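Please find below a colleague's note on the model under review. The points are numbered for ease of reference.

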Amino acid sequence: MLVALLFLIQIAVIVRVLLRPHRDPAARMAWIVVILVLPVIGVLSYVLIGETNIGRKRTLRVSQVMAQLPKFSQVPGSDVSALTPTLEDRHEPLFIVGQSISGFPPISGNQAQLMADSNATIDAMVDDIDNATDHVHLLFYIWMPDGNGRKMAEAVKRAVARGVACRVLVDDLGSRLLIRSPLWAEMHKAGVKLGRALEVGNPLLRIAKGRIDLRNHRKIAVIDNHITYCGSQNCADPEFLTKAKYAPWVDAVMRFTGPIARQNQKVFVGDWMANVDEDIRDILLAPLPPPQPGFTAQVIASGPTMRHSAATEMFESLIYNARRELIITTPYYVPVRSLQSALCAAANRNVQTTLILPARNDDFAVAATSRSYYEDLLDAGVRIFEFLPGLLHTKSLTLDQEITLIGSANMDRRSFELNYENNILFHDPALTNAMRTRQHSYLTQSREVTAAEVADWSRMKRLRNNALAIVGPLL
């Protein structure tokens with residue numbers, strides 16, 4: 001009877017897998033294989049992490065909050081039309097895709113600077129916080145109670161002491177070390193308003209309400225409504241003590257000024273109000289400053305409560321738009337099939353396509369799965385490099401020396417389907433050249449993977465890589 005009951009449960013779960021909307025066929029097959037081969041573990045795994053669900057109450061709250069927030073065009077006393085850029089015909093569709101994801105139009109009048117390194121990023125943020133006059137808003141997936149983490153905490157404490165409103169939102173799971181540390185209590189005592197995104201609480205009760213591993217992976221700083229930061233870096237030392245053997249973690253972050261900051265502000269406000277009982281939407285109604293010369297940019301925020309496959313569409317649109325050159329850096333490459341095909345197609349139409357990944361990955365399963373895709377990429381003409389000095393954590397894409405996408409999203413299924421991510425897309429040859437120069441600096445510290453090397457891999461290595469690739473949709 002127990003065997004029969006287990007069989008019926010398996011069948012019921014498999015039917016659920018087949019009926020679940022918005023699921024890639026490869027993901028369906030992977031789950032069916034796991035459920036059939038490992039009946040008990042497979043069924044429990046699907047119940048726990050098989051569906052993209054943060055819980056009905058949270059989903060409803062996110063929807064209600066976003067519906068309440070004013071649109072960019074509703075800012076009083078501001079000539080939003082003056083910020084509407086004139087885009088080239090071949091680039092306009094990219095920004096149309098971006099707007100379809102999170103509703104932000106492309107806007108002109110922005111300036112930016114690529115930070116030199118991780119410590120320079122923290123120093124620049126601290127300097128901006130020390131000069132803030134109205135508010136400081138910080139959102140990080142990981143905030144460590146280490147040197148840089150404490151430096152940032154001390155800066156917001158100083159800001160609060162002089163009357164600046166400071167709000168800090170961290171992911172409840174990613175920043176658990178900070179939340180449990182004395183530094184969290186110190187910030188609270190100093191008057192910093194603190195929030196925990198997607199709070200876990202009791203794990204057993206949390207599982208019943210939705211997946212624990214759906215996380216807020218964004219990294220956002222907004223100061224006084226006109227300065228914002230976007231990139232891959234968490235609030236931590238590059239030595240990243242919890243995974244020190246992979247250090248240094250190498251990141252890229254840009255400091256933006258101009259109306260693009262208001263778009264990042266809206267992302268922060270939406271996340272804050274979805275997780276903290278404080279209505280701060282009025283901050284989005286402050287008049288925009290007079291238009292200034294600058295480049296076109298657009299915030300692209302994605303997540304499990306937004307349109308399905310949104311992030312994938314953005315990456316694929318950029319890849320298919322390439323005509324001459326495409327350079328991509330990502331620490332985690334576990335693509336959906338269409339994304340892998342897009343990269344191969346770029347190289348096959350003679351676009352100089354380069355993919356830079358870390359040589360040593362902090363997730364062995366992701367590293368093995370990534371390498372299972374090497375052969376097809378190399379056959380198409382994609383050049384693959386593995387960065388040697390540390391864990392290359394930069395998430396960047398440069399296109400034809402004109403367009404850049406930078407932010408928090410990896411090129412893996414977790415970023416595409418499970419995490420809340422934040423990126424900025426912009427058109428500016430000069431700033432793109434700065435990002436491209438940084439990408440080339442990574443190349444000088446990398447080894448190129450050749451087709452001959454991959455052909456010489458042992459059967460055991462191929463077996464491991466390809467076996468893990470089968471369950472890649474679950475990683």
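The note proceeds from the overall fold to helix packing, aromatic pairs and the backbone of selected loops.

1. Basis of the note. The model is predicted: local features require pLDDT of at least 70 and side-chain atom pairs pLDDT 80 or more, while totals for chains, interfaces and linings use all residues. Residues are numbered from 1 along each chain as its sequence is written, and side-chain values use heavy atoms, with hydrogens and water left out.

2. Overall fold. The protein chain contains 19 helices and 19 strands (DSSP runs, H or I of at least four residues for helices and E of at least two for strands, numbered from the N terminus). Its radius of gyration is 22 Å, which agrees with the value near 23 Å for a compact globule of 475 residues; the quantity is taken over C-alpha atoms, and the globule rule is 2.2 Å times the number of residues to the power 0.38. The C-alpha trace spans about 65 × 55 × 40 Å along its principal axes.

3. Burial and contacts. Of the 475 residues, 58% count as buried (under 20% relative accessible area, with exposed over 50% and partly exposed in between, for a 1.4 Å probe and protein chains only). Among contacts between residues at least 6 apart in sequence, 81% join residues at least 24 apart; contact means heavy atoms within 4.5 Å.

4. Helix packing. Helix H1 (residues 2-19) and helix H2 (residues 25-37) pack at an angle of about 175°, with their axes 10 Å apart. H1 is therefore roughly antiparallel to H2 (angles over 145 degrees; under 35 is roughly parallel, 65 to 115 roughly perpendicular and the rest oblique). The axes are lines fitted to C-alpha atoms over the stretch in contact, and angles run from 0 to 180 degrees between N-to-C directions. On the H1 side the contact includes Val13, Ile14 and Val17, and on the H2 side Trp31, Ile32 and Ile35 are among the residues met. By class, nine residues of this contact are nonpolar, one is polar and one is charged (Ala, Val, Leu, Ile, Met, Phe, Trp, Tyr, Cys and Pro are nonpolar, Asp, Glu, Lys and Arg charged, and the others, Gly among them, polar).

5. Aromatic pairs. The whole structure holds eleven aromatic pairs (rings of Phe, Tyr and Trp, the last by its six-membered ring, with centres within 6.5 Å; planes under 30 degrees apart are stacked, over 60 edge-to-face and the rest tilted). One of them is the edge-to-face pair of Phe256 and Phe295, at 6.4 Å centre to centre and 70° between the planes. This pair joins strand S8 (residues 253-257) to strand S9 (residues 295-302), its members being 39 residues apart. Phe295 also forms a tilted pair with Phe426, at 5.4 Å and 45°. Here S9 is linked to strand S18 (residues 421-427), across 131 residues. Ring pairs thus join Phe256, Phe295 and Phe426 into a cluster. Phe295 is buried at 9% relative accessible area, and Phe426 is buried at 0%.

6. Loop between S6 and S7. Which residues does Ala236 contact, leaving aside neighbours within four places in sequence? They are Met144, Asp146 and Asn148. Ala236 is buried, at 4% relative accessibility. Pro248 is also found in the loop between S6 and S7, and the peptide bond from Ala247 to Pro248 is cis, with omega near -5°.

7. Positive phi values. Most residues other than glycine have a negative phi. Asn225, however, has a positive phi of about 70°, and Phe240 has one near 40°.
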